[in-house]
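The following exercises concern a single protein chain and are to be worked with the sequence and structure in view. Each task is followed by a stepwise solution.

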Amino acid sequence: MGVFGAALIAFAAEKGPTIVVRKDERRIAGVGTNGITRWTSGVAREDEEVTAANQSGNTAMVSVTNKKTGKTRILNYDAEKGILRFSQGVN
């Protein structure tokens, strides 16, 4: 296989889908299929909590709920890059 072939396989293993998960009460993370965290993003404010992280393809939908009012807002992230695409409020 040689050194070049082994390096190519190792690089290819780094690529692949990123899965968006709830890291803790206020943060989400994009985790590669190899288990390595690619990015972390703080999404909830002080009085809020991340209540769900769902994904379809490269778009992750993150629900953030206000602890006092119960109102939820949805944030859409680029799953690969961790970039906020746009947000919308939901009741």
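**Exercise 1. The nonpolar core**

In this predicted model, the largest nonpolar core has 12 residues in all: Val20, Ile28, Trp39, Val43, Ala44, Val50, Ala60, Val62, Val64, Leu75, Tyr77 and Ala79. Determine which elements give two or more residues to this core, and identify the contacts of Val43 outside its neighbours within four places in sequence.

*Solution.*
1. Two or more core residues come from each of β5 (59–66) and β6 (72–78).
2. Strand β5 provides the largest share, three residues.
3. With neighbours within four places in sequence set aside, Val43 touches Arg26, Ile28, Glu48, Val50, Val62, Val64, Arg73, Leu75 and Tyr77.

**Exercise 2. The three-stranded sheet**

Describe the open sheet of three strands, and explain why one side of β1 and of β3 is left without a neighbour in the sheet.

*Solution.*
1. The strand order is β1-β2-β3, and the pairing is antiparallel.
2. β1 (18–22) and β3 (37–42) are at the edges with a single partner strand each, so each has one side without a neighbour in the sheet.
3. From one strand to the next, the twist averages 20°.
4. β1 and β2 (residues 27–32) run antiparallel and are joined by five bridges; one of the pairings places Val20 opposite Gly30 of β2 as its bridge partner.

**Exercise 3. Ser63**

Is Ser63 buried or exposed?

*Solution.*
1. Ser63 lies in strand β5.
2. Its relative accessible area is 14%. Buried means under 20%, so Ser63 is buried.
3. Beyond its neighbours within four places in sequence, Ser63 contacts Glu49, Val50, Thr51, Ala52, Thr72, Arg73 and Ile74.

Methods:
Residues are numbered from 1 along each chain as its sequence is written. This is a predicted model: local features need pLDDT of at least 70, side-chain atom pairs count only at pLDDT 80 or more; totals for chains, interfaces and linings use all residues. Side-chain values use heavy atoms; hydrogens and water are left out. A nonpolar core is a set of buried Ala, Val, Leu, Ile, Met, Phe, Trp, Tyr and Cys residues joined through side-chain atoms within 4.5 Å. Buried means under 20% relative accessible area, exposed over 50%, partly exposed in between (1.4 Å probe, protein chains only). Helices (H or I, at least four residues) and strands (E, at least two) are DSSP runs, numbered from the N terminus. Contact means heavy atoms within 4.5 Å. Two strands pair if DSSP finds at least two bridges between them. Axes are lines fitted to C-alpha atoms, for helices over the stretch in contact, and angles run from 0 to 180 degrees between N-to-C directions.
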